[in-house]
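The following paragraphs offer a guided reading of one protein model, moving from a single pair of residues outwards to the strands, the fold as a whole and the ligands. It may help to keep the structure in view while reading.

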Amino acid sequence: SSMISIARDAAREDRIIPYYQPKVVLGSNRIFGFEALLRWHSPQLGLQLPGTIAAAFEDLDLAIAMSERMLTQIVEDMRRWLDEGVDFGRIAVNLSPAEFRQDALVPRILDRLHKSGVPTSRLELEVTETVFLGRDAETVAHALEAFSQAGIKIALDDFGTGFASLTHLKTFPVDVIKIDRSFVSNLDGDAGDAAIVDAVVGLGRRLGMEVVAEGVETSVQAQYLRDCGCEYGQGYLFGKAAPAIMVKDMLQNAR
Ligand code: G
Ligand code: G
Ligand code: NA
Ligand code: MN
């Protein structure tokens, strides 16, 4: 399809750029990390969101190529920030289910960190519930276990929208639950969504996991989340994704 050919071009031509969206401690609005979000530059159309090449994330070769570009730049950015004394906290990177089909996923990521001297504790990997459901569930389990053993944090993204069972929270090494923004956006109006958010926050805390609310756009939502004990948030209220060069400013402005 043309989407695939566009993505192939984007991955090859080095047009992929990580943008960084802050994640904050809701009690203080302090930034404790960032999510790296893929952007790519189209010579014709300018800066593009990942949705324009969504199909590419399901193609193994392209998913790997894009992920390589992202990781190379992210590790470079982290190395530079460490050298400059910029405390960026932890950087979360999204992994698509297709990426778990490559044998060398774990060493590929660990080698990068080791070669650059960036501590594994600085990296978090975000996966959606769908990674647990395919026929490669066992491969995925081994990879997540290996990442976790190495000190990399694992976040379950878009929590509540997939088909995963609560058992997965117990059987996979999950450190962070990200409450999907569809629940957060209706917090001020929908009693059902408020109940779901309350329950997930309670569940996560009881299991000793960090709970991050995604898509926080209003101060009313942020206050509701604080009141129900949700510790962390992410969303336009605190900042949109921005290029690496803006990270220092974001950290300074959040103090
Ligand atoms: O970045 P938003 O700005 O549009 O991201 C849209 C979707 O693309 C989200 O579901 C997000 O998880 C996914 N996404 C963003 N960056 C990456 C990436 O580097 N790799 C993968 N696999 N997915 C990404
Ligand atoms: O699937 P994932 O959670 O990784 O996707 C993150 C997506 O959510 C990205 O497209 C990002 O740009 C978007 N996003 C981040 N914060 C907000 C927000 O406050 N509101 C909305 N509507 N989208 C957001
Ligand atoms: Na994500
Ligand atoms: Mn999400």
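In this predicted model, a convenient place to begin is Val24, which stands opposite Gly233 in strand β9. That pairing belongs to a set of three bridges that join β1 to β9, the two strands running antiparallel. Strand β1 itself covers residues 16-25, and β9 covers residues 232-234.

The surroundings of β1 deserve a closer look, since this strand has several partners. With β2, which spans residues 30-42, β1 pairs in the antiparallel sense over ten bridges, and within this pairing Val25 stands opposite Arg30. A further antiparallel partner is β10, made of residues 242-243, which is joined to β1 by two bridges; here Tyr19 stands opposite Pro243. How far is β1 enclosed by the rest of the structure? Seven of its ten residues are buried, and the strand is therefore largely enclosed. As a general point, the side chains in a regular strand alternate between the two faces of the sheet.

The connection from β1 to β2 is a hairpin with four residues between the two strands. In the loop between them lies Asn29, whose phi is positive, at about 60°, although Asn29 is not a glycine. Is this residue buried, partly exposed or exposed? Because Asn29 has 14 C-beta neighbours inside 10 Å, it counts as partly exposed. A second non-glycine residue with a positive phi is Asp158, for which the angle is about 55°. Asp158, however, has its place in strand β6, residues 153-159, whereas Asn29 is in a loop. Asp158 has 17 C-beta neighbours inside 10 Å, and so it too counts as partly exposed.

Returning to Gly233, the residue opposite Val24, one can follow the pairing onwards, for Gly233 is also the bridge partner of Ala213 in β8. Strand β8 and strand β9 pair in the parallel sense over two bridges, in contrast to the antiparallel run of β1 and β9. The path between β8 and β9 involves helix α8, residues 219-227, and these three elements make a right-handed β-α-β unit. On β8, which covers residues 210-213, there is another parallel pairing, with β7 (residues 176-179), and this one extends over four bridges. Ala213 appears here again, since Ile179 stands opposite it.

Seen as a whole, the protein chain has nine helices and ten strands. Its C-alpha atoms fill a box of roughly 45 × 45 × 40 Å, taken along the principal axes. What radius of gyration would a compact globule of 255 residues have, and what does the chain have? The expected value is near 18 Å, and the protein chain has 18 Å, so the two agree. Buried residues make up 36% of the 255 residues. Among the contacts with a separation of 6 or more, 65% are accounted for by residues 24 or more positions apart.

One example of residues that are distant in sequence involves Ile64, which has its place in helix α2, residues 60-84. Ile64 and Ser96 are 32 residues apart in sequence, with a C-alpha to C-alpha distance of 9.4 Å in space. Leaving aside neighbours within four places in sequence, Ile64 is in contact with Glu99 and Gln102. Ile64 has 19 C-beta neighbours inside 10 Å and therefore counts as partly exposed; the limit for a buried residue is 20 or more.

Ser96 also leads to the ligands, as it is one of the residues that surround ligand 1, together with Leu37, Leu38, Leu49, Pro50, Gly51, Phe57, Met70, Asn94 and Leu95. How is this shell composed by class? Around ligand 1 there are seven nonpolar and three polar residues, and no charged ones. Ligand 2 is surrounded by 13 residues, the closest being Asp157, Gly215, Glu217, Gly235 and Tyr236. By class, the shell around ligand 2 has four nonpolar, four polar and five charged residues, whereas that around ligand 1 has no charged residues.

Notes
Residues numbered from 1 in each chain as written. Chains lettered and ligands numbered in written order. Predicted model: local features only at pLDDT ≥ 70, side-chain atom pairs only at ≥ 80, totals over all residues. Near = placed C-beta within 6 Å. Nonpolar A, V, L, I, M, F, W, Y, C, P; charged D, E, K, R; others polar. Buried ≥ 20, exposed ≤ 12 C-beta atoms within 10 Å, placed from the backbone. Contact = placed C-beta atoms within 7 Å. Pairing = 2+ DSSP bridges. Right-handed = clockwise from strand over helix to strand, strands pointing away. Rg over C-alpha atoms; globule rule 2.2 N^0.38 Å.
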